[in-house]
Amino acid sequence: MSDPYYHEWADLYDANTRGVPGDVEFYVDLARQADGLVVELGAGTGRIAVPCAESGARVLGIDLEPAMLAIARRKAAEAGVTSRLELVEGDMRSFEVPEPAALVTIPFRSFLHNLTTDDQLATLEACHRALQPGGRLALNVFNPDLALMARWMGKGSDHWEPFGAWQGAAPGEGFQAHQEYVPSAQISTTQVRVRDGAGKWRKTSIRLRYVHRFEMEHLLARAGFQVEVLHGGFTAPHSARDRRRWSGSRADPEVLGARGASRGSGSYL
Ligand SMILES: C[S@@+](CC[C@H](N)C(=O)[O-])C[C@H]1O[C@@H](n2cnc3c(N)ncnc32)[C@H](O)[C@@H]1O
């Protein structure tokens, strides 16, 4: 299931990834509050796992892609957090934990790598099994932007735009993307390209199955979670007090963040 992007372009990931504004701080804050093991699924190059370990949390980072994990291990060593951050190869659909976790996270839309309903449910059920009573799951997925999708559907296959950290770059500079959306399957395919040192295009691709807000809530419910907090973004003034508040405004076009508590916990369900 791992996309070629993570296998072939792991060396380019950090240079091209800004994340979602405020996401590192959000997950670090949750990790700090967690009373026990923190598990990050799709930990990648440690963009979030390393700062969480630096904040004092004990973190287990799981990822399907060895090339991404190799970079995370180097960054963990440089940050001096190898005693608090374990990085292992594993699949979010079937992972197991050495002890019940206080917090499981799936940052930066990694959940969307589950391309079928069976995979989505397998992942959420594995999260549920991994959590201690009262433990939390926190994840973010993008809020499908119908205007953006419609815009891409009107473009030809030779249309490319700046991608990732390169948005706003001069035309022809840096990474470029071509996107295709198939609404009936809720699959987006992003072709990515960048010129190599010899000026030739280096190409790869990412496929995601996007989810809508209420679909995500149904999936969480089927796996035994109830939504504790639903955020519309990381930087908007949403907090744990804004229970079940939803912002789908254009000011927060990108992110649907949800976190759920496992059934039987003391949290409000
Ligand atoms: C968008 S990156 C996120 C990396 C990191 N969490 C971050 O915020 O920068 C998605 C990661 O999920 C991993 N991944 C994809 N499918 C996976 C699966 N089934 N199980 C575990 N990891 C997976 C990829 O290898 C990649 O490292």
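In this predicted model, helices α6 and α8 are oblique to each other. To see this, select helix α6 (residues 117-130) together with helix α8 (residues 213-222); their axes come within 9 Å and cross at roughly 55°. That angle is neither under 35 degrees nor within 65 to 115, so the pair counts as oblique. The crossing of α6 and α8 is right-handed. Display the side chains that make the contact: Gln120, Leu121 and Leu124 on α6, and Leu219, Leu220 and Arg222 on α8.

Next, select helix α5, which runs through residues 66-79. What span should its 14 residues have at 1.5 Å a residue? The expected value is 20 Å, and the end C-alpha atoms of α5 are 20 Å apart, which agrees.

Within α5, colour Met68, Leu69, Ala72 and Ala76, the buried residues of this helix. They cover an arc of only 90° around the axis, and therefore lie on the same side of α5. To find what this buried side packs against, add α1 (4-8), α2 (10-16) and α4 (49-54) to the selection, along with the strands β2 (59-63) and β3 (85-89).

Then rotate the view to the face of α5 turned away from its buried side. Which exposed residues does this face carry? They are Arg74, Ala77 and Glu78.

Finally, move just past the end of α5 and select Gly80, where phi is positive, at about 70°.

Definitions and conventions
Residues are numbered from 1 along each chain as its sequence is written. This is a predicted model: local features need pLDDT of at least 70, side-chain atom pairs count only at pLDDT 80 or more; totals for chains, interfaces and linings use all residues. Helices (H or I, at least four residues) and strands (E, at least two) are DSSP runs, numbered from the N terminus. The expected span of a helix is 1.5 Å times one less than its number of residues. A residue is buried if 20 or more other C-beta atoms lie within 10 Å of its own, exposed if 12 or fewer, and partly exposed in between; C-beta atoms are placed from the backbone. The arc is that of the directions from the helix axis to the C-beta atoms. Two residues are in contact if their C-beta atoms, placed from the backbone, lie within 7 Å. Axes are lines fitted to C-alpha atoms, for helices over the stretch in contact, and angles run from 0 to 180 degrees between N-to-C directions. Angles under 35 degrees count as roughly parallel, over 145 as roughly antiparallel, 65 to 115 as roughly perpendicular and the rest as oblique. A crossing is left-handed if the near helix is turned anticlockwise from the far one by less than a right angle, and right-handed if clockwise.
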